[in-house]
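Thank you all for coming; I would like to take a few minutes to walk through a structure that will be new to most of you. Please have a look at the picture first, and then we will go through its parts one by one.

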Amino acid sequence: IMVTTNTMLMVMMTELFRKLDGDNTGSVTFVEFQEHFHDTEVKAFFESLDLDARDAWTLFKLLDVDNKSNVEVEDFVDGCMRLKGPAKAIDIAGLIQEIKSVKKKAQNVDERSRKLQKSTRFMEKQLQMQTQMINGLRAAVPTV
C-alpha cells in the first residue's frame, strides 16, 4: 500500500508541477511558483503533505537543489517527497550538529582575521618607522 500511496503522491506532484509551469518549459521559475503559491489548491496540496509552506521563497530554494533559479519536475517531486511530513528528531539533530560545525568554522575565521589585522598594524608601524629613518638619513646626507 505504501508504494501505491507514494506513486499516487508523485503523480499528483507532477500534475501540480504542470500547473505551476505556466509557460510549459519543463521548469518552474520563482515567479511562476510565487504566482500560484497562494492558490487554494496549491496550499491544500502542500498542507496535505504536512509541508509547512508559509514562505514561497524558502520552499522554492529548498526545491532548487542545483541553484539554477528554476526547478525541474524531478527536483520538484524529489524535493516534495523529501520535505513532506513533520521534521524527525534525527533531522533536527543533524541540523544542530551542522550549525555547531559552521559556528566553530566561523569563530576560527574570526580569530584568524583578528590575528591578520594585528599583524597588518604591526607591519604598518614597522614600515612607517623605516620610512622615517630613511627620510632622516636623506636629510642628514648633504646633496652634491
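Before I start on the inside of the chain, one term: by a nonpolar core I mean a set of buried Ala, Val, Leu, Ile, Met, Phe, Trp, Tyr and Cys residues joined through side-chain atoms within 4.5 Å. Please also keep in mind throughout that this is a predicted model.

With that term in hand, the largest nonpolar core here has 22 residues, and the members that touch the most other members are Met13, Phe33, Phe46 and Phe76. Two or more residues each are given to this core by helix 1, which runs from 2 to 20, helix 2 at 30-37, helix 3 at 40-48, helix 4 at 56-63 and helix 5 at 73-83. Helix 1 gives the most, with five residues.

Let me stay with Phe33 for a moment. Which residues does Phe33 touch, if we do not count those up to four places away in sequence? The list consists of Leu20, Val28, Phe46, Ala56, Leu59, Phe60, Leu63 and Phe76.

Phe33 also takes part in the packing of helix 2 against helix 3. The axes of these two helices are 7 Å apart and meet at an angle of about 95°, and helix 2 and helix 3 are therefore roughly perpendicular to each other. On the side of helix 2 the contact is made by Phe33, His36 and Phe37, and on the side of helix 3 by Val42, Lys43 and Phe46. Sorted by character, the residues of this contact are four nonpolar, one polar and one charged.

Now to the two faces of each of these helices. In helix 2, the buried residues are Phe30, Glu32, Phe33, His36 and Phe37, and because they cover an arc of only 160° around the axis, they lie on the same side of helix 2. Val31 and Glu35, on the other side of helix 2, are exposed. In helix 3, the buried residues are Val42, Phe45 and Phe46, and their arc around the axis is only 95°, so they too sit on the same side of their helix. Thr40, Glu47 and Ser48 are exposed on the other side of helix 3. As a reminder for those who do not look at helices every day, an α-helix has 3.6 residues a turn, so residues three or four places apart point the same way.

Finally, the loops. Just after helix 3 comes Asp50, with a positive phi near 60°. The loop between helix 1 and strand 1, the strand at 27-29, holds Gly22, which counts as exposed because its relative accessibility is 56%. Gly22 is 11 residues from Phe33 in sequence, and the two are 9.3 Å apart in space, C-alpha to C-alpha. Asn24 has its place in the loop between helix 1 and strand 1 as well; its phi is positive, near 55°, although Asn24 is not a glycine, and with a relative accessible area of 64% Asn24 is exposed.

In the loop between helix 4 and strand 2, at 70-72, we find Asp64. Is Asp64 buried or exposed? Its relative accessible area is 1%, so Asp64 is buried, and leaving aside neighbours within four places in sequence, Asp64 is in contact with Ser69, Asn70 and Val71. Ser69 belongs to the loop between helix 4 and strand 2 too, has a positive phi near 65°, and is partly exposed, at 48% relative accessible area.

Note on methods:
Residues are numbered from 1 along each chain as its sequence is written. This is a predicted model: local features need pLDDT of at least 70, side-chain atom pairs count only at pLDDT 80 or more; totals for chains, interfaces and linings use all residues. Side-chain values use heavy atoms; hydrogens and water are left out. Buried means under 20% relative accessible area, exposed over 50%, partly exposed in between (1.4 Å probe, protein chains only). Helices (H or I, at least four residues) and strands (E, at least two) are DSSP runs, numbered from the N terminus. Contact means heavy atoms within 4.5 Å. Axes are lines fitted to C-alpha atoms, for helices over the stretch in contact, and angles run from 0 to 180 degrees between N-to-C directions. Angles under 35 degrees count as roughly parallel, over 145 as roughly antiparallel, 65 to 115 as roughly perpendicular and the rest as oblique. Ala, Val, Leu, Ile, Met, Phe, Trp, Tyr, Cys and Pro count as nonpolar, Asp, Glu, Lys and Arg as charged, and the others, Gly among them, as polar. The arc is that of the directions from the helix axis to the C-beta atoms.
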